Amino acid sequence: MTMAEHGTGTAGAGRPAGGPGTAGEWRPSACILCECNCGIEILVGAGGSFDKIRGDKAHPASHGYTCNKALRLDHYQNGRSGRITRPLRRRPDGTFEEIDWETAIAEVAARFKEIEAAHGGETIFYYGGGGQGNHLGGAYAPATMRAFGMRYRSSALAQEKTGEFWVNARMLGLPNRADVEHCEVALFVGKNPYQSHGFPRARSVLKEIAKDPDRSMIVIDPVRTETAELADFHLQVRPGTDLYLLTALAAILVREGLVAADWLAEHADGLEAVTAVLNDVPIAAYCEIADVPEDLVRAAARRLAGASSVAVLEDLGVQMNRDSTLVSYVEKLIWLLTGNLGKEGAQYVFSSMAPIGRDRGHPAGEGPRSPVVGAKIIGGLVPCNVIAEEILTDHPDRYRAMLVESANPAHSLADSARMREALKALDLVVVIDVAMTETARLADYVLPAPTQYEKYEATFFNFDFPRNIFHLRHPVVNAPDGVLPEPEIHARLVEAAGALSEDDYTPLREAAGKGRQAFAEAFLSALAERPKLMKLASVLLYRTLGPTLPNGAASAAALWALAHKCAQDNPAGVKRAGYGEGLEAGERLFDAIVSNPHGVVITDDEQEETWRRLGDRRIQLDVPELLTEVAGLASRPRPVPEPDWPFVLSAGERRAFTANTIIRDPGWRRRDPEGMLRMNEADAKELGVVAGDRVRLTTRRGSVEVPVDLTDRMRPGHISLPNGLGLAVQDPDDGAPTVTGVAPNELTAAEDRDEFAGTPWHKHVPARVSPLSGAAAGPAA
């Protein structure tokens, strides 16, 4: 049954009472396929179909821009997906049966309570809370964690960004981003913004830079990507040697006297220690290891140093690769050594609605650790690559249950076979999701939620500067009967656990009836009197303030506290955005967020706001445990392919029609429907294969058959598979599950991870490729 067939259901408990618009009407919303969440408008057809999609010109960040992917979102809403619309409970024989919500909530709560009583709530692990663009429910998850004593959590961010989070915390104390739109020079490290975006109007901005003779683009990537083809400098690094190349770049800046010495003296500490290490770097040898001509590297370094502004972005190409945390450190040294912080076109510290990307920056040997493996917890997140190890053990503190929300760890985490084994070993698995994902199939209970276009939803990826944006998306089509939005699910679980009751709600409801000022006084008073309510605050707001919000926007209630905190932390920017000063600014900001379906500017900053946010803290160039590793790089054995594994596989490349696993319907891909293995033409010739041939791809973890796509964009010895494939969906003819393409994490290994942050090496998987009719062969020399 498609999602469109459910589109005319009446609103159930917790869903917008006012409902969305009618068929034939353009409805504002946003694309949910990358962190930019560009504004779109959807022409809704009969039965809830998305007949047309266009960019929303009223959106304050994207201004009508979209890429090709947004135009295919009907395949998310109405495509084949394995949609679920009733709570499911696993039978003893492994099949599922539908149950009512009262039974589901009561049984899930009772079983979590049993585990908490027997082993402690810290043995219940929470994963997710923010599928791409689906973050609002995650604001309510801490209440459920508090209600059952949960302590440990993780999400996809721990597969990608935690190394950078930790480096930012050690060097600046706060996360930062890059003003690519206004920079003179853009440097992209392991990033292809043409496909992965990462800043508003990405493709348009890239083309603007490429056409301007006074601006330049530098790309560090082993693949000649669409972005690299627009670049002035493509440093086509040997896979996995980014640290050598970046260290050579930084060393050139020091050795040629290209650092911003006066700026550094004013703002930073540790320059002497850093320059001592970089002065000893064998630049020529590192360029040789990276296989990039030294003269090209020197030219790129001089262009960086001579620019009035440089904006630098790193991404998964290095964040899911060898030495990812060290790469992040040296990348930041480059833009700091050249003085590119706190000015137009450079790096900036942004305002925020939620503390995504923040860490306390404990030294490597300090800070919180996971209970079994002792892995470093960064930004509150356990490294994804240790989750299975934390379960598959007889350690008394092992995780014994999981609550998974808007996530699919059985498919998206390294070493899927071992992750499935771990999920099966748990005493209880509960999944909150829209569709019957690979993880949901292993669950004991599946609790169905609306799609992102059937409810109020938002993203907390609000990183723009100087005008930062927040977009509360309104429902576009009706949700089917039988599903509940995540805030309602969390509220019911919290209440079933006995953590909150009508006695807690009544005085706040009475205050809300007297107006926002009375409510604020009562709410703050309740938290002061009972500090333990703090972690339950989102559900308190949902049950008391939520019903007073217009058009059934109860799920937005948690944003009230976040809006006030934004106004408190960023008074000047909030005032410039038009919301006034003091307590009234928070109220006006919140009301604007709730009432404007196109999104609003939350802060309008001046450039020096970056320095205000940093306060008295000086930049720390010397991070001892990282600088020591950079100093020892020359003594490492040179990286060479292993004889049995002559290829390097990038598992999970972003292509024109891939989007993680959010669109499960394979019909959405207009190109490369099977997800071909990209390979250099010379390698294919040596293997004796031609385009379209099927080959056997083997890693230490698994072996698959896949067709090959030959290209001169790849270096010899480097191959890639796209992300978002290998999903099981129902066949439209016989209802049987079918799988299209390769699931990349059937081939990756959990032990291949960064030594500091535990992030995976998905982009550096040793592999071999064999023609199906012959023996394995190596890459072309």
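Two strands count as paired here if DSSP finds at least two bridges between them. Keep that in mind for the views below, which come from a predicted model.

**View 1. An open sheet of 7 strands.** Going across the sheet, the order is β5-β4-β17-β16-β15-β6-β7, and the pairing is mixed. The edges belong to β5 (96-98) and β7 (153-154), each of which pairs on one side only. Zoom in on β4 (residues 88-90) and β17 (residues 445-448) and you'll find them antiparallel, with 2 bridges between them. Here L88 sits opposite V446 of β17. As a general reminder, strands of a sheet pair through backbone hydrogen bonds, either parallel or antiparallel.

**View 2. A helix laid across the open sheet.** Helix α19 (residues 486-496) lies across three strands: β15 (401-405), β16 (428-433) and β17. Relative to β16, α19 runs at about 145°.

**View 3. A closed barrel of 6 strands.** Follow the strands around as β21-β25-β22-β24-β23-β28; the pairing is mixed. From one strand to the next, the twist averages 45°. One parallel pair in this barrel is β21 with β25 (residues 718-722), held to 5 bridges. Look for E653, whose bridge partner in β25 is P722.

**View 4. Strand β23 and its two partners.** On one side, β23 (residues 694-699) runs antiparallel to β24 (residues 703-711), with 5 bridges joining them. These two strands, β23 and β24, make a hairpin with 3 residues in between. Strand β23 is also joined by 5 bridges to β28 (residues 765-771), again antiparallel. A handy residue to centre on is L697: its bridge partner in β24 is V704, and in β28 it stands opposite V769.

**View 5. The second largest pocket.** This pocket has a volume of about 780 Å³. There are 35 residues in its lining, and those closest to the centre are P239, P639, V640, P641 and H764. Two elements, α12 (283-290) and β21 (647-653), each give two or more residues to the lining. By residue type, the lining splits into 18 nonpolar, 5 polar and 12 charged.

**View 6. M353, a loop residue tucked inside.** You'll find M353 in the loop between β14 (347-348) and α16 (387-391). With a relative accessible area of 4%, M353 counts as buried, because the cut-off for that label is under 20%. Setting aside neighbours within four places in sequence, M353 is in contact with F460, N462, F470, L559, L562, A563, C566, I593 and I602. Take C566 from that list: along the chain it is 213 residues from M353, yet their C-alpha atoms are separated by 6.0 Å.

**View 7. Helix α5 under cover.** How many residues of helix α5 (residues 162-171) are buried? The count is 10 of 10, so the helix is mostly covered, "buried" being under 20% relative accessible area. Charged side chains are on the list too, with E164 and R170 among the buried residues. Others include F165, W166 and M171. The cover over these residues includes α4 (157-160), β13 (310-314), α14 (316-319), α15 (324-337), β20 (619-620) and α27 (624-631). Just past the end of α5, G173 takes a positive phi of about 90°.

Definitions and conventions. Residues are numbered from 1 along each chain as its sequence is written. This is a predicted model: local features need pLDDT of at least 70, side-chain atom pairs count only at pLDDT 80 or more; totals for chains, interfaces and linings use all residues. Side-chain values use heavy atoms; hydrogens and water are left out. Helices (H or I, at least four residues) and strands (E, at least two) are DSSP runs, numbered from the N terminus. Contact means heavy atoms within 4.5 Å. Axes are lines fitted to C-alpha atoms, for helices over the stretch in contact, and angles run from 0 to 180 degrees between N-to-C directions. On a 1 Å grid over the protein atoms alone, a cavity is a set of points where a 1.4 Å probe fits but cannot get out, and a pocket is an open set with protein on both sides within 12 Å along at least five of seven lines; lining residues have an atom within 4 Å of a point. Grid points are joined across faces, edges and corners, and a volume is the space filled by probe spheres set on the points. Buried means under 20% relative accessible area, exposed over 50%, partly exposed in between (1.4 Å probe, protein chains only).
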